[in-house]
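Hi there,

Here is the structure I promised to pass on. Have a look at it first, and then read my notes below.

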Amino acid sequence: MTTESNIADARGALQAIDKKLVELWHLGSRFVAGWTLDGATLIVAMSRIADLPKLAADEPALLRGEKLDVKELVRLCNRSGLRMEEIPAGPWWASPAMLAALETAIGRYAIRRTEFHAMARIEVERFRDLPTAMRIAQLATLSHSINIAAERMEGSGSDIDLGRAPTGEGYRLWNRRQGWKADIDLFCLLSLALAENGLARARDAGTAPVVKAAFAVGGGWEFSLPRGGGSPAIHNDVLGEIEDETQHLLEAALPGQILIGAFQRPMADGPPRKGMIYKLLDAPRFVGLAQRRLGDFDNVMLGAEKVAGIKLYLTGDEIGPGTFDIKAFGYPMAQSRTMEAFNVKLNIHRPDRPPFFFGLQHKDLRDVAPCRAYHLDSAPRDYMLPA
């Protein structure tokens, strides 16, 4: 059992560790490339920022952010020429909660590669054409919708730590937690935010913005940016392929549309571990699980209105009475590449009023891009993290 004195001592140890990491971080010119615990000693492998590209190419196992075996860390550091630093850490890290606190502290000074991180993007349509005062009002209204969605998610017990960054015309959103459940929580937050935005626009079309949204899961890099005073930011950012993909999806989206990329991600709690075999989720299965999660928000208050339930689905053609298939769109890109995505529709049911809809119907998208029918059995079943 963890006592109050143990907690106080562990917090003191975290403060001492943080102070030493600030020193090793050296105003952002270095970062933690890998780490381990050896008894009561924390061992960190430090790398120069300038060496990140070479390290990423030669020793990707160092940059996954996970606790390594001592022998494995020594082997990788010897091979890459990294210097290991020892920091007294104390004996408090055996429990999952305390180890997670230590990982969070180390993560502020790390640059970590992830192959599967969700990102959402919401932007105001024709933002640059608006007067400055209207831009401010619409961004603030959109931010308010996101805040309401985040509050509802937190109130439901979701383990979500929302990251948010302005894009100039809206926001990038990500969950600092990792894993397939964390990604579903982010997609549900996006759905709640879009529902609230749509209801706000129905009440006040003059202020609430017309938006479009994109969601995908893909690779990227997590890192903390320096702030004034020579310490890293408390919260991190995510950049890389996932940012580019959500940007491409958003560029393809029409006003009022929601696009989700045709991704696949392993059903891993947290980052995938080497040697483990995971089932794969593709985007349609992912949306099905998100719909199940949204059932927790029946009769939720969104702004000034009570919502009886939110139903989401991927659109397609009617293939029988009341039966629809799912269509994947192939958006052309540069260098003869194609980006596949699905169109998402939200039905927002209200207790005493007609349903409200967010998103575009399939019939509105006949000529935007070639499409094909999605088949449930076409996705691979298993995934193993490459060595």
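**Helices across a sheet**

Helix 4, residues 96-107, lies across strand 1 and strand 2, and its direction is at about 160° to strand 1. Before you go further, keep in mind that this is a predicted model.

Now for the strands themselves. Three of them make up an open sheet, in the order 1-2-3, with antiparallel pairing. Strand 1 and strand 3 are the edge strands, as each of them pairs on one side only. If you ignore direction, neighbouring strands in this sheet are turned by 30° against each other on average. In general, the strands of a sheet pair through backbone hydrogen bonds, and they can be parallel or antiparallel. Strand 2 and strand 3 run antiparallel here and are joined by six bridges. If you want a spot to zoom in on, try Thr41, which stands opposite Pro88 in strand 3.

Helix 3 also lies across this part: strand 1, strand 2 and strand 3 are the ones it crosses, and it runs at about 145° to strand 1. Which residues of helix 3 are buried? In this helix, residues 70-80, they are Glu72, Leu73, Leu76 and Cys77. These four cover an arc of only 125° around the axis, so they sit on the same side of helix 3. What do the buried residues of helix 3 pack against? Their partners are strand 1 (30-38), strand 2 (41-48) and strand 3 (83-88). Turn to the other side of helix 3 and you'll find Lys71, Asn78 and Arg79, which are exposed.

The ends of helix 3 are worth a click too. Asp69 caps the N-terminal end, with a side-chain oxygen 3.0 Å from the backbone nitrogen of Lys71. After the helix comes Gly81, which has a positive phi, near 75°.

One more stop, further along the chain: Arg350, in the loop between strand 18 (338-349) and strand 19 (356-358). Is Arg350 buried or exposed? Its relative accessible area is 12%, so Arg350 counts as buried, the cut-off being under 20%. The side chain of Arg350 reaches the backbone oxygen of Pro354 at 2.9 Å. Leaving out residues up to four places away in sequence, Arg350 touches Leu199, Glu305, Lys306, Ala308, Pro355 and Phe356.

That's what I have for now. Shout if anything is unclear!

Cheers

Terms used: Residues numbered from 1 in each chain as written. Predicted model: local features only at pLDDT ≥ 70, side-chain atom pairs only at ≥ 80, totals over all residues. Heavy atoms only, no water. Buried < 20%, exposed > 50% of the residue type's maximum accessible area, 1.4 Å probe, protein only. Helix = DSSP H or I, 4+ residues; strand = E, 2+ residues; numbered from the N terminus. Arc of directions from axis to C-beta. Contact = heavy atoms within 4.5 Å. Polar contact = N/O pair within 3.5 Å; in protein donor to acceptor, adjacent residues only side chain to side chain. Pairing = 2+ DSSP bridges. Axes fitted to C-alpha atoms, helices over the stretch in contact; angles between N-to-C directions.
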